[in-house]
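Reader: I am new to reading structures. Could we go through this one in short steps?

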Amino acid sequence: MTSGTRLLLIGPPGAGKGTQASRLASAFGVPTISTGDIFRANVANETQLGLKVKAILDAGEYVPDDITNAIVADRLREPDASAGFLLDGYPRTPEQVAELDRVLAEEHNGLDAVVQLDANTDEVVSRLVKRAEEQGRADDTDEVIRHRLSLYEQQTAPLIEHFAQRGLLVRVDGLGAVDEVTERILSALAEFGVAASR
């Protein structure tokens, strides 16, 4: 097994991050750390954190950096993450990047690669509108989805630039059959010098 592989997966909503995250985590033998999953689990279990997060989300706000940072730092200190991890949905802001760097530096570690899933906006919108229809989510209209995508672009563009300057960015076309995209990511990472054990 590849020991200590630390990856970050970024991409717009609807690019298939969740699907690819679980496949990559399996290929590298590391846990997936998804802030969305952690928040949902806490909300479902009505923990103190969950109640706080639910109130924030119900108000249509983003969970503040300090709460998100604390949750991820705690999760990264758990034993299963000591041999590597795959981050999905974090970091989202420059402040979160700085905090992640600080937490990893405590263990004398850093990220091995940042995988950016590229996806055509129109393709992603039609994928998300279809998913909303299938799941009966009437609020996910074309307009709302495009707004979320433009927010993603505004917030994430500076991070992508930051990781590119650090020589960590691996860009992969995120559209196509799930298996094809997985193979593309694994091949791109192998070329980058980060090979999976699978």
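Author: Start with Val114. Leaving aside neighbours within four places in sequence, Val114 is in contact (heavy atoms within 4.5 Å) with Leu8, Ile10, Phe163, Leu168, Leu169 and Val170. This is a predicted model, where local features need pLDDT of at least 70, side-chain atom pairs count only at pLDDT 80 or more, and totals for chains, interfaces and linings use all residues. Residues are numbered from 1 along each chain as its sequence is written, and side-chain values use heavy atoms, with hydrogens and water left out.

Reader: Which element gives the most to the largest nonpolar core?

Author: A nonpolar core is a set of buried Ala, Val, Leu, Ile, Met, Phe, Trp, Tyr and Cys residues joined through side-chain atoms within 4.5 Å. Buried means under 20% relative accessible area (1.4 Å probe, protein chains only). Of the 29 residues in the largest core, Leu76, Leu87, Leu111, Val114 and Phe163 touch the most other members. Elements giving two or more residues include β1, α3, β3 and α7, but the most, five residues, come from α4.

Reader: Is Asn69 buried or exposed?

Author: Asn69 lies in helix α4 (helices are DSSP runs of H or I, at least four residues, numbered from the N terminus). Not counting residues up to four places away in sequence, Asn69 touches Tyr90, Glu95, Gln96 and Glu99. Its relative accessible area is 11%, so Asn69 is buried.

Reader: How are α2 and α3 oriented to each other?

Author: Axes are lines fitted to C-alpha atoms over the stretch in contact, and angles run from 0 to 180 degrees between N-to-C directions. The axes of α2 (residues 35-44) and α3 (residues 48-58) come within 7 Å and cross at roughly 105°. Phe39, Asn42 and Val43 in α2 meet Leu49, Gly50, Val53 and Lys54 in α3. Angles of 65 to 115 degrees count as roughly perpendicular, so α2 and α3 are roughly perpendicular.

Reader: How are α6 and α7 oriented to each other?

Author: The axes of α6 (residues 121-134) and α7 (residues 142-165) come within 10 Å and cross at roughly 130°. Among the contact residues are Val124 and Leu128 of α6 and Ile145 and Leu149 of α7. Angles under 35 degrees count as roughly parallel, over 145 as roughly antiparallel, and those outside these and the perpendicular range as oblique. Therefore α6 and α7 are oblique.

Terms used:
Buried means under 20% relative accessible area, exposed over 50%, partly exposed in between (1.4 Å probe, protein chains only).
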